[in-house]
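Student: May we go through this model by question and answer?
Tutor: Certainly; please study it first.

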Amino acid sequence: MGDKSKIQWTDATWGCVTGCSKVSAGCKNCYAETLTERFRGVPGHYFENGFDIKLRPDKLDLPRRWQKPRMVFVNSLSDIFHKDIPLDYVKQMFKVMNECPQHTFQILTKRHERMLELANEFKYSDNIWLGVSVEDNNNRERIEYLKKMPAKTKFLSLEPLIGPIYPPKKANGDFDLYFLKGINWCIIGGESGPGARPMDLSWIGPIIGLARNVGAAVFIKQMGSVLAKELGLKSRKGEDMSEWHPAWRIREFPNDKR
Ligand code: SF4
């Protein structure tokens, strides 16, 4: 797909692959699964195969045709480092990204192990941002994998945030308050939709503090539907930041991109 995106931190999505499989707690209410499974078995429908991995090679060249520079979220309905996506195909995607420096590509994965295994297979030009999703402290190790990657701009999608994230402890027993060193951007968001799990306001401040310690930009996307209801917000996902306490109204981009 080359759709204009409703996601506040990007301009468009580029879906050369659709489909994925669940890998951790953050995947429980996967939006992409809900969207695609609805059409499973509908003959001729784009999502006839539901959430099964499907390559979409006809979309590969799309970014070459976009004249205006865009921020492009790569594979919003999949995970580029899923083991069932052939390496050669991912290489073709990287070739396009490297040959389209006018665009900024945002890659987000929960497959941190394959991401690192393949670190030297691709060139990460400055226009290719790389991020991992971290939903709670159980998946904090993804951050350590990301830090080892050769991308210049590295980001975290802490969405859906379903638990607090603590810094690890140093050898002397103190918390390592600089453990986000090397991370340029933290996106924070609560879950929305059926079965949404609550985000707690008390989890946000410490993350902002950790980001500030290392000069990372912060983007608070939404409070999530449960917290929005609790706070009496009118926006369903709690995405209208004019309704928030001023302390949370932070929507920054790395590299002064906007
Ligand atoms: S990794 Fe992302 S796309 Fe894949 S199942 Fe989990 S939430 Fe969905």
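**Ligand site and sheet**

Tutor: The ligand sits in the largest pocket (an open set of points on a 1 Å grid over the protein atoms alone, where a 1.4 Å probe fits, with protein on both sides within 12 Å along at least five of seven lines; to sit there, more than half of a molecule's atoms lie within 2 Å of its grid points). The model is predicted: local features need pLDDT of at least 70, side-chain atom pairs count only at pLDDT 80 or more, and totals for chains, interfaces and linings use all residues. Residues are numbered from 1 along each chain as its sequence is written, and side-chain values use heavy atoms, without hydrogens and water.

Student: How many residues of the shell around the ligand are charged?
Tutor: The residues around the ligand (a heavy atom within 4 Å) include Cys20, Phe51 and Ser78, and also Lys22, Asp79, Lys110 and Arg111. Asp, Glu, Lys and Arg count as charged. Beside four nonpolar and two polar residues, the charged ones number four.

Student: Which strands are the edge strands of the sheet?
Tutor: The open sheet has seven strands (DSSP runs of E, at least two residues) in the order β1-β4-β5-β6-β7-β8-β9, with parallel pairing. An edge strand pairs on one side only, where pairing requires at least two DSSP bridges. The edge strands are β1 and β9.

Student: Which residue stands opposite Ile187?
Tutor: Strand β8 covers residues 185-189 and pairs with β9 in the parallel sense over five bridges. The partner of Ile187 in β9 is Phe219.

Student: What is the omega of the cis peptide bond from Glu159 to Pro160?
Tutor: Pro160 lies in the loop between β7 and β8. Most peptide bonds are trans. The bond from Glu159 to Pro160 is cis, with omega near -5°.

Conventions
On a 1 Å grid over the protein atoms alone, a cavity is a set of points where a 1.4 Å probe fits but cannot get out, and a pocket is an open set with protein on both sides within 12 Å along at least five of seven lines; lining residues have an atom within 4 Å of a point. Helices (H or I, at least four residues) and strands (E, at least two) are DSSP runs, numbered from the N terminus.
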